[in-house]
Structures are given as C-alpha cells and as structure tokens.
Amino acid sequence: MKKYAIGIDFGTLSARAVLARLDNGEVVSAASYDYPHGVMDLQLPCGKKLTRGWSLQHPKDYLEALEYTVPNVLQEAGAEAADVAALGIDFTCSTNMPTLADGTPLCFLPEFEEEPNAYVKLWKHHAEDQAAQVQKVARDMQVSWLKNTGNRISSEWPVPKLLQIKEEAPAAFEKTAYYLEAGEWLVWLLTGTLSRSANAASIKNFYEVGKGYAPAEFYAAVDPALDGALEQQFKGDTLPLSQCAGYLTDEMAKKLGLEAGIPIAPFMVDAQAGFLSAGLWEDGEMITVLGTSACHLLLGKENKDVMDIAGKAPDGLYEGLVTYEGNQPMGENLAWFIEHACPAYCYEEAREKNISVHQLMNEKAAALEPGANGLIVLDWLNGNRCILGDSQLSGMILGLTLQTKPEAIYRAMMEGSVYTMRSIVDNFESQGLKVDRIVAVGGMARKSPMLMQIVADVLGREVHVSAVKEAMALGAAIVAAAAGGVYPSLQEASRHMGQPLEKTYYPGENKEKYEKLYQEFWQLHNYFGRGGNEVMHRLAKGK
C-alpha cells in the first residue's frame, strides 16, 4: 500500500522537498537545495549587466533541485519508490519563462545566453511600461477579469512580461513557442504533457474559473504580435488543482528515483499551499506567509469587487470560496540590510558568538522599544505591491541620527513591513471582507518571536503560528494526494494531512504605542504613495 506523497516548494532562493505520510501529513523527511545562480538582479551568468527592475533566474537550477531533493527525501526516510503515491509542486508566482515547442528554455540556446529576456523572470521582476499599456487596453475594453484585480494590472504578471520580450528582444519573441509559469514547465517535464494551472492563472493571468481567459481580441488590442496568443504562447488545458495533470515519465522516474506512472498534480501558487498545510478552508480564515516576500491570503464566501489588492480568484483554490490576495516584500528587505548596510563589527560579533548576523540583530533588536530611536520605515525597497500597486516607489528610513544603531534600523524595518501588512488587512476589512482568524507560516514566522509579537501588537489581534516547518512543501504534497485520488477533495486531503498550530501570539503592552506609530506611518504612506509628493517617481526616472 502506498504510504507517502512528495511535495516540493520552489522558493526564491532554494527548493525544499518533503516526504509526507498520506494518513496524517507527518513530514518524515525533508531536503533542500540552494539555487547556484540565485536571483540574478545585477548581471547574467555571462557577465552582462542588468538595470533596475530586473529579477531573473536560471531554469537549470530548478532541474538540479528536483534531481537532488527527491532522491534525498527517500534516502533519509529509508523509503522505497513503491511507497510514493503522488508528487506535487508549488512555485513562486508569477515566475515566467519562454520556451521552444519541445520545452527547451530559450536561455539554454547559445544565441540567447546574453539576452536577459530569454531567462526566467522571477515574481518580483517588473515590466512596468508594458503593464501600463496592458492596463489601459483592459480598461478601455472593460475586460471583466479586471474586477478580480481591483482594476489594476501588475507589472509582475505574464502578459506584461511577454510583451516586454516582444518589444525588447524581437528575435527571442519569434522563437517563443510557449510562455509558461516555471511551475507549469516543471509539470510538463515530469509528465510529458503541457497543461496550465487554474490556481495560478485565475489570480495572475486573466483567467476565470468556468469562464476561461480574456477574449482573444484583448490580446490583439494590446499588440498585434499577441494576436493568437491563447493558441500559441498560452496554449494548454487549464486544470484545477484537484485534477491530475499527468503521470511521471520513465525518463524523469529514473532521474528522481521514483516509479514511473505516479500521478503528478498541477502546480500551485506557493503562498496558497499554506492554507492546505494549516488546515484552513473556512470563510474569514487568512494565511500569512512570512518569508522572502509576504503574502496575505483571505478566504471568503462572498465574491466582492475589492480595490487595491493583488488579485482575487473565485474557485481558484477551493470550490465555493474566493481567495483574496495582498502581498509585499519582507525578508528580502532585511537581507538587503544585512548584506549591504550592516557594519563590519556586527559580523565580527556574530562570528564570536557563532551565530548568524540575522540572529544577532534579532537579539539586539528584541531589547529595544517600539519605534526605537524614533525610526519609521517605508518598506518599498522593491516598490509597493499592495495596497498602492506601484513598483516605482522606493524605500525610506525616517528619523536617522548620529546615535542610531544597526539593530534599531533592523527592528524599524521589521516594523515597517508589519505596518504594510496592517494596511492590507485594514483594506480587506474596510471593503466588507471579514478576517476572523490569522495563521502565519514560513521561515520568519517560526524563527522570529519578536516579529510575531510585533504583528500581534500592530494588528491588535491574535496571530497563530503553524507547527509545520516546510508548510508550502507539505501543501504541495496535500494537493498531490487529492489530485492522485487518495482523497476525494482538497478539503478532505487537508483535513487529514494538515498540521496543528504551534503557538499563539496575543496583543501586549505595546499595542497602544504601535497604534500611534502606525498612524505616523500611514501619513507618510499616503504622502509619498498617493500624490502628496512625487519625488520617488522622479528619482526612479532619473529626473
């Protein structure tokens, strides 16, 4: 009898796989693989320099991650290939790539090694000018899908990124047979069958469950070169998560050490996997994923038109429920500070204590008061994804003095991220959505009690933390169990395999202090983000 499902979480910097029991979701083994190329935002492997807004990856890293993590979770658990019932993956989204008709990524071709548009465009890559063009056409044509995005098109979504290839690299565009989510590409490699994920398309790519994609006329109106895009670059059946995408090929089975023919699930958006691993499927339940980026996803029974969100997906995850999404940068901001702005003496102290610099900063920052040294941060180092939806905004640290210590900046950056989270939650509620319960997952939720206490204080409500270390990978395994027929639905799979809560944080004595600081943040947010002062836009354009 089959015992396990495998789930693989493809994140921003690494991939993590788990082997999970089908009966209760217990993770019996895990393996991770750091991408050798990482995030390419400064230059390509050949040394060609990149400009502002570029965030690329190399698909070779994903293949290596697959071939490393899957055999390792089997070996660590002492499991046999015959024990595995199904495999599923989640992926950062929207992370897109151009391929040939046989699935070969364009960046694998020698003639495109120096072309940035031939590589994977990560979720945080910005095609700003193209998004504005797509948005104008969508509004002029009153495309119905716009009601799912708050009447706004993100520069991080597939169509703007594909249009950027056409405008900046015509030769690469001519070679592009398919434009895929990276997760769709991997499912294609695993099964030999090209398909699309309704879970991703419904929140990122003009798709509505039960209605299909935006009309063909829309793509042609965006640019004549996109006429026929649905039959060409976006070809493939669009599948719900509960439907099997295909079966593992002989070739990939040999590489991964698995049995050929096991079911493979459609790929899912990484953040949404947290619902499954935490056992959430009720109206008013929200999952907040705190990692490199932060995603805040809310389940609702009512299909409301909500402004200033990252998107909504009716039936995109669970049938009968709408998934509302807000998102923002988080861990990547702290990583920037550690890597580029933290003084050498902090590194020396961390080495002496045999801890990481992040751990050192957490220890020192935990001893400080809210708003330490009078600092407030706008966490827009990679633009504001929600609620302003403006990638041309930039970060700001207000209140620096000659007495400011690095740990004070570190704490203020955490606080700034939580203020943005508060603005997203408030935006949900101000438009009639209820937020009854918040469960946090992800590395930062489990590693930083200070951060979680700040979240509870700033939001003024209880915040729960899931016990699952690899929440997204477990979610992918749960989807695999449903798509593979082990359970009749995603909810049933989650009911059996979802994991309990580990800890609850309650608003404390700092709640009132943070309320005052949040109001100061909100004034800055509106002044720099809503037209009070356009200095950030002028600076971004070099004016």
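Modeller: Buried means under 20% relative accessible area, exposed over 50%, partly exposed in between (1.4 Å probe, protein chains only). This is a predicted model: local features need pLDDT of at least 70, side-chain atom pairs pLDDT 80 or more, while totals for chains, interfaces and linings use all residues. Residues count from 1 along each chain as its sequence is written, and side-chain values use heavy atoms, without hydrogens or water.

Colleague: Why is Glu325 called buried?

Modeller: Glu325 has 2% relative accessibility. The limit is under 20%, so Glu325 is buried. Glu325 lies in strand E19 (residues 322-329); strands are DSSP runs of at least two residues, helices (H or I) of at least four, numbered from the N terminus.

Colleague: What does Glu325 touch?

Modeller: Its contacts (heavy atoms within 4.5 Å) include Ile203, Lys204, His296 and Phe428, leaving out residues up to four places away in sequence.

Colleague: Where does Phe428 rank in the largest nonpolar core?

Modeller: Phe428 is among the residues with the most contacts inside that core, with Leu290, Met361 and Met452. The core has 67 residues. A nonpolar core is a set of buried Ala, Val, Leu, Ile, Met, Phe, Trp, Tyr and Cys residues joined through side-chain atoms within 4.5 Å. Helix H13 (residues 406-430) gives the most, twelve residues.

Colleague: How do you know that Cys107 is in no disulfide?

Modeller: A disulfide needs two cysteine sulfur atoms within 2.5 Å. The nearest cysteine sulfur, that of Cys46, is 11 Å away, so Cys107 fails the cut-off. The structure holds zero disulfides.

Colleague: Is Cys107 buried or exposed?

Modeller: Buried, because its relative accessible area is 4%.
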